[in-house]
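Visitor: I have a few questions about how the labels on this model are justified. Could you take me through them?
Guide: Gladly; here is the model.

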Amino acid sequence: MPAPRVNEFAAHNIAGGLALLLGLVGLAAAVGLVVLGAGLDSDGAKITLIIVGVVLAFLALLAMAGLNMVAPGEARVVQLFGRYRGTIRTDGLRWVNPLTSRTKISTRVRNHETAVLKVNDAYGNPIELAAVVVWKVEDTAMASFEVDDFLEFVATQTEAAVRHIAIEYPYDAHDEAGLSLRGNAEEITEKLAVELHARVEAAGVHIIESRFTHLAYAPEIASAMLQRQQAGAIVAARRQIVDGAVGMVETALARLSEQDIVQLDEERKAAMVSNLLVVLCGDRAAQPVVNTGTLYQ
């Protein structure tokens, strides 16, 4: 983004209570001069007092036009003939040059939630995602003069950042060491916040937090991807079962050998290992078989 041409600074202003009091006093004095002039018999003195009273009333009203009520969480961007003259952030009744224009801008914390966006992830799979961004205006001058409409700017840049993050990473990573949108939500959220900050910094906006609110495969491939996830879960479960079964078989053979319960040759060990693995790795209860002969018959 280009370097900012203007940055926020405090505008020259005073407490509005004193300015209001002086304006009312001047207005009352102007009314008194007009009334006093109207009661005089001399035309010259009458016209003079009336003119002075009217001018004084005009000046009092003009001075009171510089009063501003600033609520908490709001600011006033002050311009004099198109030139930026500062920002009023002090809440309450404040007074500035009445010839200036004052634009109200909110500095409260805001939420922006994107619509559900349909994009392709790093593997080319269509996915749907949405995000919510918590932000506030930090520099009122940049928000007013650096971009045309800072609300629209934040909305557009948020959508662009979400789309860019989505195409940079897969929904589910095939490589366990790689980042994925579903498996590494915290890391991806941090990267989204960094990119958002870089994109909206030109508008004087500070990103407080950003989160994904919706993340799923697109409907046209959701069923296929669900089957793939189920297959992966089954394979992982089977792998764990096999690892446990091999450990149990190894323990059984070691115990039999240590306690000298039975002497097994290599063929008998192989048969025992085969039977134990079938029993331990099977998904159904084992059916016992009574052998009335010997292993070799």
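Visitor: Why is strand β9 called largely enclosed by the rest of the structure?
Guide: Keep in mind that this is a predicted model. Strand β9 covers residues 126-137, and ten of its twelve residues are buried. Buried means under 20% relative accessible area, so with that count the strand is largely enclosed by the rest of the structure.

Visitor: How do you know that β7 and β9 pair?
Guide: Pairing takes at least two bridges between the strands. Strand β7 (residues 110-113) shares four bridges with β9, in the antiparallel sense, so the two count as paired. Within β7, N111 has V134 of β9 as its bridge partner.

Visitor: What makes β8 a partner of β9?
Guide: Again, at least two bridges are needed, and β8 (residues 117-120) is joined to β9 by four, running antiparallel. Here K118 stands opposite E128. The hairpin of β8 and β9 has five residues between the strands, and G124 takes a positive phi near 85° there.

Visitor: And how many bridges join β9 to β10?
Guide: Eleven, with β10 spanning residues 205-217 and running antiparallel to β9. I127 faces Y217 of β10 in this pairing.

Visitor: Let's turn to the rings. How many aromatic pairs are there?
Guide: The count comes to four. One of them joins F9 and Y84.

Visitor: Why is the pair of F9 and Y84 called edge-to-face?
Guide: The centres must lie within 6.5 Å, and planes over 60 degrees apart count as edge-to-face. For F9 and Y84 the centres are 5.0 Å apart and the planes stand at 70°, so both conditions are met. This pair links distant parts of the chain: F9 sits in the segment before β1, Y84 in strand β4, 75 residues apart.

Visitor: Are F9 and Y84 buried or exposed?
Guide: F9 has 42% relative accessibility, so it counts as partly exposed, a label that lies between the 20% and 50% limits. Y84, at 9%, is buried.

Visitor: What makes the pair of Y171 and Y217 tilted?
Guide: Stacked requires planes under 30 degrees apart and edge-to-face over 60, with the rest tilted. The planes of Y171 and Y217 are at 45°, with centres 4.1 Å apart, so the pair is tilted. Y171 lies in the loop between α4 and α5 and Y217 in β10, so the pair ties together parts 46 residues apart in sequence. Both tyrosines are buried.

Visitor: Which residues do ring pairs link into a cluster?
Guide: F9, Y84 and F145.

Key
Residues are numbered from 1 along each chain as its sequence is written. This is a predicted model: local features need pLDDT of at least 70, side-chain atom pairs count only at pLDDT 80 or more; totals for chains, interfaces and linings use all residues. Side-chain values use heavy atoms; hydrogens and water are left out. Buried means under 20% relative accessible area, exposed over 50%, partly exposed in between (1.4 Å probe, protein chains only). Helices (H or I, at least four residues) and strands (E, at least two) are DSSP runs, numbered from the N terminus. Rings of Phe, Tyr and Trp (its six-membered ring) pair if their centres lie within 6.5 Å; planes under 30 degrees apart count as stacked, over 60 as edge-to-face and the rest as tilted.
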